[in-house]
Amino acid sequence: MRWSGQKIETSSPGEPALLPMPGLVRTVRTPEFAGLTFHEVRAKTALNRVPDASPMPFRWTINPYRGCSHQCVYCFARATHRYLDFDAGDDFDRQLVVKVNAPDVVRAEVGRRSWRRELVALGTNTDPYQRAEGRYALMPGIIRALGESATPISILTKGTLLRRDLPLLSEAAEHVAVDIAMSIAVFDDELQAAVEPGTPSTEARLATVRQAVERGFRVTVFLMPIMPWLTDSPEQLEHAVERIAASGATRVVFGALHLRPGAKEWFLAWIAREHPELEAGYRRFYDRSSSAPAAYRRQLGARLRPLLRRHGLDPRDDEDQPEVRRAARVAAAETLAPSPQPTLF
């Protein structure tokens, strides 16, 4: 059996769950995913409503997994693991929550008469095509449920397992809008392996973009986060844009590194350990803010926009900027309506 050798930890009837986690069914470890622990839960809901004050261009998300084996040292979602009594560092990378019934829950939610078939985004918090998807295969059922209910789909991923579902996404695209985006932040193999140790290689992700393009999708590449002094030199940006253009992508969303609480502590510890010569600069940039200084972001945009246009790519700035967030909060406040909070499960 493929999963022979797995270790399963469950609670006996009447005993408390192993973790104070809603819906926990069992905890699984297997040699084929050494170092990872899967906490299987039965979720009550799958569709998460995005707060009205968010600047994001969508109002609904689905996160089949919490935590992420990509282990990106800069991941903004790290702090969300604290809601589950895990830490934002090593636990985020290795203690993964799997919503094993997510496809069925999605199907039920989008089947309601009240569902308005608004765009649903996947990959906005943790990656739906991280390694765990190879075991649990939740995405095909989710894609079918959304497509059959005429719900538009947006997917952002670093995972090359997306290739498995391209035929299914092509079928869905015959009836609803399907947007595919690949996140590629680093174009140096050694740095990529250090800063994103659990991700597929840059070349593998570019090959996945090409396959999606061959199937007729207009693919976006998220060139972000761009990390000061690590990936932002003129030569590095030119090289990145050339390779993205060669992949057949049509649009690039770019943005400088964000370091929110949880991610900030983890990333700065990594910088101090791996690039001590940059620690003072990073602390100057990020000690008092989660975003890079406005002057740096303006300079980055001034360099990238003409470069992207020269290579035939549509440039788009990262929408998650302090100025945009402030404007969104003001607009939400003016409605005088309470902002619903995203749910964990």
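## Salt bridges, aromatic pairs and buried sites in a predicted model

The side chains of E203 and R210 form a salt bridge, with 2.7 Å between N and O. E203 is partly exposed at 39% relative accessibility, and R210 is also partly exposed, at 28%. The model described here is predicted.

**Overall make-up**

The protein chain has 345 residues, and 52% of them count as buried. Its secondary structure consists of 12 helices and 13 strands. Taking contacts between residues at least 6 apart in sequence, 76% join residues at least 24 apart. The accessible surface of the chain is about 15,700 Å², and carbon and sulfur atoms account for 52% of that area.

**Salt bridges**

The pair E203 and R210 belongs to a set of 18 salt bridges found in the whole structure. Side chains of opposite charge can pair when their charged atoms come close. Three of the pairs are listed below.

| Acidic residue | Basic residue | Closest N to O distance |
|---|---|---|
| E203 | R210 | 2.7 Å |
| D317 | R305 | 2.8 Å |
| E148 | R107 | 3.0 Å |

What does the salt bridge between R107 and E148 tie together? R107 lies in helix 2 (residues 102–110) and E148 in helix 4 (residues 139–148), so the pair ties together parts that are 41 residues apart in sequence. R107 is partly exposed, with 39% relative accessibility, whereas E148 is exposed at 58%.

The salt bridge of D317 with R305 has its closest N and O atoms 2.8 Å apart. This pair links distant parts of the chain, with D317 in strand 13 (residues 314–317), R305 in helix 11 (residues 294–310) and their positions 12 residues apart in sequence. Both partners count as partly exposed: D317 has 37% relative accessibility and R305 has 27%. Elsewhere, E133, R164 and D165 are joined into one network by salt bridges that share partners.

**Helix 11**

Helix 11, which holds R305, has 17 residues. The distance from its first C-alpha to its last is 25 Å, close to the 24 Å expected at 1.5 Å a residue. Its buried residues include Y296, R297, L300 and G301, and L304, L307 and L308 are buried as well. An α-helix has 3.6 residues a turn, so residues three or four places apart point the same way. After helix 11 comes G312, which has a positive phi, near 75 degrees.

**Aromatic residues**

The whole structure contains 10 aromatic pairs. One of them is made by Y282 and Y286: the ring centres are 6.0 Å apart and the planes lie at 15 degrees, so the pair is stacked. The angle is under the 30 degrees that sets the limit for stacking.

Where do Y282 and Y286 lie? Both are in helix 10 (residues 279–286), four residues apart, which is about one turn of the helix. Y282 is buried, at 0% relative accessible area, and Y286 is buried with a value of 0%.

These two tyrosines are part of one aromatic cluster, whose other members are W229, F267, W270, F285 and Y296. Through Y296, a buried residue of helix 11, the cluster includes a residue from that helix.

**Cysteines**

How many disulfides does the whole structure contain? The search finds zero. For C68, the nearest cysteine sulfur is that of C72, 6.3 Å away, and C68 is in no disulfide. The sulfur of C72 has its closest cysteine sulfur in C75, at 6.2 Å, which is too far for a bond. The cut-off for a disulfide is 2.5 Å between the sulfur atoms. C68 is buried, with 7% relative accessibility, and C72 is buried with a relative accessible area of 7%.

**A buried loop residue**

N63 is in the loop between strand 5 (60–62) and strand 6 (65–66). Is N63 buried or exposed? N63 has a relative accessible area of 6%, which means that this loop residue counts as buried. Apart from neighbours within four places in sequence, N63 contacts A46 and N48, K99, and the residues T124, N125 and T126.

Notes
Residues numbered from 1 in each chain as written. Predicted model: local features only at pLDDT ≥ 70, side-chain atom pairs only at ≥ 80, totals over all residues. Heavy atoms only, no water. Helix = DSSP H or I, 4+ residues; strand = E, 2+ residues; numbered from the N terminus. Buried < 20%, exposed > 50% of the residue type's maximum accessible area, 1.4 Å probe, protein only. Contact = heavy atoms within 4.5 Å. Areas by Shrake-Rupley, 256 points an atom, 1.4 Å probe, with all protein chains shown as cover. Salt bridge = Lys/Arg side-chain N within 4 Å of Asp/Glu carboxyl O. Phe/Tyr/Trp six-rings, centres within 6.5 Å; stacked < 30°, edge-to-face > 60°. Expected span 1.5 Å × (residues − 1).
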